[in-house]
Amino acid sequence: MPERTNDPDRPYNTCAVFAPDGSVAARYHKVHLFDVEVGDGQRYRESANTSAGVEPLAVSVGGFTVGLSVCYDLRFPELYRKLADRGAEIVVVPAAFTLATGKDHWHVLLRARAIECQAYVVAAGQWGGHPGGRRTYGKSAIIDPWGDVIAQCSEGEGFITAPVDRAYVERVRANLPSLRHRRL
């Protein structure tokens, strides 16, 4: 959602976390802005209308540490490693992936981030047509820490749920301790 900045023409693209009482508990400002030409005849310059955030954010939600990201951030594994370093057991990815990039990259990148971070990835993808001829891919998904898709929306509008299990995160991290083996 857009959130006002000091530049009235360039709000943040914000992933907001709401507390049970409805108050805003946390705000993550999207760091990586979508300035690309994806080959579908569309040119995107998010930076023309959006201010970039600067800091990764992980917050406590329901007893889990949840890392926050938005859309194009998904292409930057270093952001997700920082979220893992901050204890993220679940990472959320609200997104509007274009149809052109979504069909080829959406699930591959979601699974990669889950495997690399050994965390659940919960990704809500917008679907359908938008003003200016833009089309988004959709196919929301929940990926487990091993990289398995445990829930996915089909084409169109939909709703998915899946259980998350901290013990499973801990087992994956203990059996394949790649996060502890990092040298760089």
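This passage describes the sheets, helices, core, largest pocket and selected loop residues of a predicted model.

Two open sheets are considered. One has 6 strands, in the order S6-S7-S8-S9-S12-S13, and its pairing is mixed. Strands S6 (57-61) and S13 (149-152) are its edges. Each has a single partner strand, so one side of each is left without a neighbour in the sheet. From one strand to the next, the twist averages 20 degrees.

At one end of this order, S6 pairs with strand S7 (residues 64-68). The sense is antiparallel, and the pairing runs over 5 bridges. Within it, Ala-58 stands opposite Gly-67 of S7. Val-61 has Phe-64 as its bridge partner in S7. The two strands form a hairpin with 2 residues between them. In the turn, Gly-62 has a positive phi of about 60 degrees.

The other open sheet has 3 strands, ordered S1-S2-S3, with antiparallel pairing. Its edge strands are S1 (2-3) and S3, and each pairs on one side only. S2 and S3 are joined over 5 bridges in the antiparallel sense. Cys-15 stands opposite Tyr-28 in S3, and Ala-16 has Arg-27 of S3 as its bridge partner. A hairpin links S2 and S3, with 5 residues between the strands. There Gly-22 takes a positive phi near 95 degrees.

Two helices lie across strands of the 6-strand sheet. Helix H1 (residues 77-85) lies across S6, S7 and strand S8 (90-95). H1 runs at about 145 degrees to S8. Helix H2 (residues 99-117) lies across S8, S9 (120-125), S12 (141-143) and S13. The angle between H2 and S9 is about 155 degrees.

The largest nonpolar core holds 35 residues. The residues with the most contacts inside it are Leu-68, Leu-74, Tyr-80, Val-93, Trp-106 and Leu-110. Elements from both sheets and both helices take part: S2 (12-18), S3 (24-29), S7, H1, S8, H2, S9 and S12 each give two or more residues. Leu-74 illustrates the packing. Not counting residues up to four places away in sequence, Leu-74 touches Tyr-80, Val-93, Phe-97, Trp-106, Leu-109, Leu-110 and Arg-113.

Empty space was examined next. In general, rolling a probe the size of a water molecule over the atoms shows where such space is left. The largest pocket encloses about 560 Å³. Its lining comprises 25 residues. Of these, Asn-13, Lys-30, Glu-46, Ala-96 and Arg-134 lie nearest the pocket centre. Two or more lining residues come from each of S2, S5 (43-45), S8 and S9. S2 gives the most, with 3 residues. S2 and S8 also each give two or more residues to the nonpolar core, as does S9.

Several loop residues merit separate mention. Thr-50 is placed in the loop between S5 and S6. Its relative accessibility is 10%, so Thr-50 counts as buried, the cut-off being under 20%. Thr-50 touches Arg-10, Pro-11, Tyr-12, Asn-13 and Leu-33, again not counting residues up to four places away in sequence. One of these contacts, Asn-13, is also among the residues nearest the centre of the largest pocket.

Backbone angles single out two further loop positions. Most residues other than glycine have a negative phi. Cys-71 has a positive phi, near 45 degrees, and is not a glycine. Cys-71 sits in the loop between S7 and H1. With 13% relative accessibility, Cys-71 falls under the 20% limit and therefore counts as buried. Lys-139 likewise has a positive phi, near 55 degrees, in a residue other than glycine. The place of Lys-139 is in the loop between S11 (135-137) and S12.

How values were computed
Residues are numbered from 1 along each chain as its sequence is written. This is a predicted model: local features need pLDDT of at least 70, side-chain atom pairs count only at pLDDT 80 or more; totals for chains, interfaces and linings use all residues. Side-chain values use heavy atoms; hydrogens and water are left out. Two strands pair if DSSP finds at least two bridges between them. Helices (H or I, at least four residues) and strands (E, at least two) are DSSP runs, numbered from the N terminus. Axes are lines fitted to C-alpha atoms, for helices over the stretch in contact, and angles run from 0 to 180 degrees between N-to-C directions. Contact means heavy atoms within 4.5 Å. A nonpolar core is a set of buried Ala, Val, Leu, Ile, Met, Phe, Trp, Tyr and Cys residues joined through side-chain atoms within 4.5 Å. Buried means under 20% relative accessible area, exposed over 50%, partly exposed in between (1.4 Å probe, protein chains only). On a 1 Å grid over the protein atoms alone, a cavity is a set of points where a 1.4 Å probe fits but cannot get out, and a pocket is an open set with protein on both sides within 12 Å along at least five of seven lines; lining residues have an atom within 4 Å of a point. Grid points are joined across faces, edges and corners, and a volume is the space filled by probe spheres set on the points.
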